[in-house]
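Reader: I'd like to go through this model and ask why each label is used. Could you show it to me before we start?

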Amino acid sequence: MADLDLLTRSLARNVKRWRTERGFTLDMLAARAGVSRGMLIQIEQARTNPSIGTVVKIGDALGVSVPTLLDYERGPRVRITPADQTVRLWHTEHGSYNRLLAGTEAPGPLEMWEWRLMPGESSDSDPHPAGTVELVHVTAGELTLTVDGTEHRVPDGASASFEANAPHTYGNTGDEPMVMIMAVSVPPVQ
């Protein structure tokens, strides 16, 4: 089975499982996540491969991490993710990308990402639920982090943390690739 097919089936099974466990109808989850009921039906029937933005919105609405939604194996308490098994969920033709390195529930979703942004590229993020915190550490280049309309420069070797319940953008206005590690902590669903 191809990786994409495996992820699509895992996403379908896990969205339905967590929606049912939370007691949400399709309409309730659609409203909480800001996605259409039709999209949720297609996802739960493994008939579509949604964008990372859609998967993040659904995970946030369910109070589970992206790795939990994509998990196709329930393993031991210690999980090692080999480099060749990380999941690339976004990329551009110029070489920008993000990779989900690891994630867990603690007590809400906790995810660790690797991002690479090529010069002149950026990625917008919708606001996450209240209480969501992001930590970034730049390992190459300079990140232009815009949170709620205010721009912040994070140079190589520096770190930043912010409340992610406002619109935010990760950008590279420099002339060399920017690489960062990002951790996202989302509070559990109430």
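Reader: Which residues of H2 are buried, and what makes them count as buried?

Author: The buried ones in H2, helix residues 26-33, are Leu26, Leu29, Ala30 and Ala33. Buried means under 20% relative accessible area, exposed over 50%, and partly exposed in between, with a 1.4 Å probe and protein chains only. Their arc around the axis is only 100°, so they sit on the same side of H2. That arc is taken from the directions from the helix axis to the C-beta atoms. In general, an α-helix has 3.6 residues a turn, so residues three or four places apart point the same way.

Reader: Before going on, what kind of model is this, and how are residues numbered?

Author: It's a predicted model, where local features need pLDDT of at least 70, side-chain atom pairs count only at pLDDT 80 or more, and totals for chains, interfaces and linings use all residues. Residues are numbered from 1 along each chain as its sequence is written, and side-chain values use heavy atoms, with hydrogens and water left out.

Reader: What covers the buried residues of H2?

Author: The cover includes H1, helix H3 (37-44) and H4. Helices here are DSSP runs of H or I with at least four residues, strands are runs of E with at least two, and both are numbered from the N terminus. Just after H2 comes glycine 34, with a positive phi near 75°.

Reader: Why are H2 and H4 called roughly perpendicular?

Author: They pack at an angle of about 110°, with axes 8 Å apart. Angles of 65 to 115 degrees count as roughly perpendicular, under 35 as roughly parallel, over 145 as roughly antiparallel, and the rest as oblique. So H2 and H4 earn the label roughly perpendicular. In this pair, Leu29, Arg32 and Ala33 of H2 meet Lys57, Ile58, Ala61 and Leu62 of H4, where contact means heavy atoms within 4.5 Å. Those contact residues split into five nonpolar, no polar and two charged.

Reader: And what makes H1 roughly parallel to H4?

Author: The axes of H1 (residues 3-22) and H4 (residues 52-62) come within 10 Å and cross at roughly 25°. That angle is what makes H1 roughly parallel to H4. On the H1 side, Leu11, Val15, Trp18, Arg19 and Arg22 meet Val55, Ile58 and Leu62 in H4. This contact divides into six nonpolar, no polar and two charged residues.

Reader: Arginine 19 is in H1. How do you know whether arginine 19 is buried or exposed?

Author: Its relative accessible area is 11%, so arginine 19 is buried. Leaving out residues up to four places away in sequence, arginine 19 touches Phe24, Thr25, Leu26, Leu29, Glu44 and Leu62.

Reader: What about valine 64: why is that one called buried or exposed?

Author: Valine 64 has a relative accessible area of 2%, so it is buried. Its place is in the loop between H4 and helix H5 (66-70). The C-alpha atoms of valine 64 and valine 189 are separated by 8.2 Å, although the two are 125 residues apart along the chain.

Reader: Which label does proline 127 get, and why?

Author: Its relative accessibility is 42%, so proline 127 counts as partly exposed. Proline 127 lies in the loop between strand S4 (122-125) and strand S5 (133-140). Not counting residues up to four places away in sequence, proline 127 touches Ala164, Asn165, Ala166 and Pro167.

Key:
Axes fitted to C-alpha atoms, helices over the stretch in contact; angles between N-to-C directions. Nonpolar A, V, L, I, M, F, W, Y, C, P; charged D, E, K, R; others polar.
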